[in-house]
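Visitor: Hi! Could you walk me through this one?
Guide: Happy to, let's bring it up.

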Amino acid sequence: QFEAAIKLNPDMDVAWYYLGDEQMRQKKYKEAAASIEKAVGLDAGNAKWWASLGAAYMQDGNDEKALAALQKALAISKDLASASADMGRLYAKQRKYPEAVAALKHALQLQPNLGQGYLALAQYYYLGLRDLDAAVPPLQRARKLLPNNADVLVALSDVEERQGKWQEANAHLRQASLLEPRSADWLQDLADNYAGMREFPQARAMLDRALVLDPDDPGLIMDE
C-alpha cells in the first residue's frame, strides 16, 4: 500500500518512512535504508526519520553511517530513547563502554520500563567495564520488568559467579534452565559451577542432561 501511495506522490516522506519500516520488519535492511533515505531527503529535520535510518544502517552492518544518522537524530531531538539505545549498542560494539553506558542510561531515563535496556546496561558494566557491583542494580530492575526472561537470570548468575557467590549463581542458572529446558549451554555452565565447588556428582548429572540435548557437542563430550 505504501508503494502505491509513493507512485501517486513520490514526495510523500511519510510513505517512504513507513515503506522502510515495513522492510525492516521483513529484514530487508538495504531496501529499508534506501527507503528511509528518501524520507530523510524529503524532511531532513525529522529526528524520527534519522533514528530509523540509523537503525537500518546498523542492521545492514554499516556502523559508520549508522553513527552519523543517530548523531543527527539526537542533535535534532535528545528525547529519542531508541536513538540513544542504538548509540549505546554502537559504542559497545566499538568497546567504548563509558560512552555506551551514558547513552543507554539516557535512553532509560526517557523510557524507564525497557527491561532489555537494563539487561544491556548491566552487561556493559560487567563485561565491558568489569564493574560487577554496578551491574547488580540494573539486573535487579531487569528481573522485575522481565520476570520470566532466562537471559536476565543467566546474567545474574554470571555476575554472582564472578563475585564468588556460587550458591546464588547456581540457583539462578537452575531457574533459567527451567524456563528454557532445551538449553544445553546453561546446563554445561551449571556443571562447570558444580565442578568448581567440587560437587562432582551434581556436575556429572548436569553434563548428562546437557548431552541428552546436544549429544554431538565437542565441549560437552570433552567435559564428560
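**Pocket and helix packing**

Guide: Let's start with the largest pocket: by class, its lining has seven nonpolar, four polar and one charged residues. Keep in mind that this is a predicted model.

Visitor: How much space lies in the largest pocket?
Guide: About 160 Å³.

Visitor: And which residues line the largest pocket?
Guide: The lining is made up of Ala85, Arg89, Leu104, Ala107, Leu108, Leu114, Gly115, Gln116, Gly117, Leu119, Ala120 and Gln123. The elements giving two or more residues to that lining are helix H6 (81–93), helix H7 (97–110) and helix H8 (115–128).

Visitor: Which helix gives the largest share?
Guide: That's H8, with six residues in the lining.

Visitor: OK, new topic. How do people describe two packed helices?
Guide: They use the angle between the two axes and the distance between those axes.

Visitor: So what are the values for H2 and H4?
Guide: Helix H2 covers residues 13–25 and helix H4 covers residues 47–59. Their axes come within 11 Å and cross at roughly 30°.

Visitor: Roughly parallel or roughly antiparallel?
Guide: Angles under 35 degrees count as roughly parallel, and therefore H2 and H4 are roughly parallel to each other.

Visitor: Is the crossing left-handed or right-handed?
Guide: H2 passes H4 in a left-handed crossing.

Visitor: Which residues make the contact?
Guide: From H2, they are Asp13, Val14, Tyr17 and Met24. H4 brings in Lys48, Trp49, Ser52, Ala55, Ala56 and Gln59.

Visitor: How does that split by class?
Guide: The contact of H2 with H4 has six nonpolar, two polar and two charged residues.

Key. Residues numbered from 1 in each chain as written. Predicted model: local features only at pLDDT ≥ 70, side-chain atom pairs only at ≥ 80, totals over all residues. Heavy atoms only, no water. Axes fitted to C-alpha atoms, helices over the stretch in contact; angles between N-to-C directions. Helix = DSSP H or I, 4+ residues; strand = E, 2+ residues; numbered from the N terminus. Parallel < 35°, antiparallel > 145°, perpendicular 65-115°, else oblique. Left-handed = near helix turned anticlockwise from the far one by under 90°. Contact = heavy atoms within 4.5 Å. Nonpolar A, V, L, I, M, F, W, Y, C, P; charged D, E, K, R; others polar. 1 Å grid on protein atoms, 1.4 Å probe; cavity = no way out; pocket = protein on both sides within 12 Å on 5 of 7 lines; lining within 4 Å. Points joined across faces, edges and corners; volume = space filled by probe spheres on them.
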